[in-house]
Amino acid sequence: MVVRQHHLRAPETKLKFDGSYRVNPPDIDVYAAPQDSGTPPRALYLHVPFCLHRCGYCDFTLVAGQDDLVPAYLQALTNELDQLDDSYEVDTIFIGGGTPTHLSVEQLERLAGILFGRFTLSSGGEFSVEANPDGLSDDVMKTLVGIGVNRLSLGVQSFDEEILRTLERQHTPDEADDVIHRAIGTFPQVSLDLIFGVPGQTIDSWTTTLAAARLFPIKHVSTYGLTFEKGTDFYRRLQRGHIHATPDDLERDMYAAAMAQLGSSGIPQYEISNFAQPGSECRHNMVYWQAREYFAFGPGAARYVNGVRSTNARNVTRWINCWLKQEAALQEVEQLSAEEKIREAIFLGLRLVEGISIDSFRDRFGSNVADIARASAAQHLDGGLLEIADSHLRLTLEGRFMADTVIADFL
Ligand code: SF4
């Protein structure tokens, strides 16, 4: 089956494990100063849960049409960051959502004040913000540059008007075109998010969207296969037979077209869903795929600190109300065992096209990566879905189409 990567962009739901989290163990303080290695995380994620409208396929943590909650959200965020007993320097900051640029200029400046009250960005650091084309004004862009943002991730999704309507996006292809031009003139790095496998989308529509994206001097593109997540409007419509999932063979052709078209434009694939000119990979997301630790704040945000993975409450009003009372609002907490850390490093590392360095893995974990889950590794090495090349264990080209299946075997 073709790998069906949801349109996930932020870590708030990107790292889905096996559902075995324990809830709120009383003995773990997820905001405690880093102890294990003595090295605090060098990456920070912040979740902004506001959108103009909830798109029918979206299951992110957000509220739509409730902008009156923004002041309380900012206060709650202040209170959550105040849990840290120190200040930290990080190399990457990623503000995701929701739609962070749905906030006003004043609210964005306040958000930056909260953030930089606890964190500093190292010299040469990467500061990404997610944005949608609808209503993205020059004032907001200037404000982002003013607070240090140097990478804009734009949720363009498609250049086909009909597909944008199906997705319930609030912008047109012309608006996207205009915003991309302005963003390129404003930020050192601009990335585009595109979606394939949309009901009714043809291969022609998708390749035309890819071709339109290639016309811009863009160095990074993310492509996500649409999935139907429980609880979304799309899921309900699928169940009732009102819309239909894209057939696997068509979705496979779409994924292959992205690899071919973007690769031939000098934007080769570097991760299951991501393409970049060498040197323009998203440094923040690399932290996740390399199973390194990171701070995270905001509703639904997932962090990995001190060997503990924890996720904040996904209910936005619950998260706000708890933090306004200075109470932690956690949904899931798990202290990883040594074996779980190893398995995570494998299933995250296999998402990277270069795969997992056998030497680095041995240095870090003291074991040979191919010996972990030996039966699964051998089966996929024999079946041509995994390979060992250049001292790395990695998915073959065919394996990338089956990534979900192969990676699941290492869980
Ligand atoms: S704009 Fe993005 S985050 Fe907001 S509802 Fe639509 S898909 Fe979800």
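Is Asp67 buried, partly exposed or exposed? In this predicted model, Asp67 counts as partly exposed, because its relative accessible area is 38%, a value that falls between the 20% limit for buried residues and the 50% limit for exposed ones.

## Asp67 and its partner His102

Asp67 is found in the loop between strand E3, which covers residues 63-64, and helix H2. Along the chain Asp67 and His102 are 35 residues apart, while their C-alpha atoms are separated by 8.9 Å. The two residues are also linked through their side chains, since the side chain of Asp67 makes a polar contact with the side chain of His102 at 3.0 Å.

## The ligand and its surroundings

There are 13 residues around the ligand, and those that come nearest are Cys51, Cys55, Cys58, Asn132 and Arg169. Sorted by class, this shell holds six nonpolar, four polar and three charged residues.

Asn132, one of the residues that come nearest to the ligand, has its place in the loop between strand E5 and helix H4. With a relative accessibility of 11%, Asn132 counts as buried, because the limit for that class is under 20%. The side chain of Asn132 makes a polar contact with the side chain of Arg169 at 2.6 Å, and Arg169 is itself among the residues nearest to the ligand. When residues up to four places away in sequence are not counted, Asn132 touches Thr99, Thr101, Leu154, Gly155 and Arg169.

## Helix H3 and what it packs against

Helix H3 runs over residues 105-116, and its 12 residues reach 16 Å from the first C-alpha to the last, which is close to the 16 Å expected at 1.5 Å a residue. The buried residues of H3 are Leu108, Leu111, Ala112, Ile114 and Leu115. These residues lie on the same side of H3, because they cover an arc of only 160° around the axis.

The elements against which the buried residues of H3 pack include both strands and helices: strand E1 (43-48), strand E4 (88-97) and strand E5 (119-131) are among them, as are helix H2 (70-81) and helix H4 (138-146).

## Helix H12

Helix H12, residues 338-349, also has 12 residues, which should span 16 Å at 1.5 Å a residue, and the end C-alpha atoms are indeed 16 Å apart, so the two values agree. Its buried residues are Ile342, Glu344, Ala345, Ile346, Phe347, Leu348 and Gly349. What covers these buried residues includes helix H10 (283-289), helix H13 (358-365) and helix H16 (403-408), together with strand E13 (308-312) and strand E15 (356-357).

## Backbone details

A cis peptide bond joins Gly97 and Gly98, with omega at about 20°, and Gly98 lies in the loop between strand E4 and helix H3.

Two residues have a positive phi although they are not glycines: for Gln157 the angle is about 70°, and for Gln326 it is about 65°. Gln157 is found in strand E6, residues 151-157, and it is buried, with a relative accessible area of 3%. Gln326, in turn, is found in the loop between helix H11 (316-324) and strand E14 (330-335).

## A buried residue in helix H7

Thr209 has its place in helix H7 and is buried, with a relative accessible area of 1%. Leaving aside neighbours within four places in sequence, Thr209 is in contact with Ser158, Phe159, Asp160 and Leu194. Thr209 and Ala328 are 119 residues apart along the chain, and their C-alpha atoms are separated by 43 Å.

## Two exposed residues

Pro217 lies in the loop between helix H7 (203-214) and strand E8 (220-225), and at 64% relative accessibility it counts as exposed. From C-alpha to C-alpha, Pro217 and Val190 are 9.0 Å apart in space, and in sequence they are 27 residues apart.

Ala375 belongs to helix H14, which covers residues 374-382, and it is exposed, with a relative accessible area of 61%. Its C-alpha atom is separated by 9.4 Å from that of Asp409, and the two residues are 34 residues apart along the chain.

Key:
Residues numbered from 1 in each chain as written. Predicted model: local features only at pLDDT ≥ 70, side-chain atom pairs only at ≥ 80, totals over all residues. Heavy atoms only, no water. Helix = DSSP H or I, 4+ residues; strand = E, 2+ residues; numbered from the N terminus. Expected span 1.5 Å × (residues − 1). Buried < 20%, exposed > 50% of the residue type's maximum accessible area, 1.4 Å probe, protein only. Arc of directions from axis to C-beta. Contact = heavy atoms within 4.5 Å. Near = heavy atom within 4 Å. Nonpolar A, V, L, I, M, F, W, Y, C, P; charged D, E, K, R; others polar. Polar contact = N/O pair within 3.5 Å; in protein donor to acceptor, adjacent residues only side chain to side chain.
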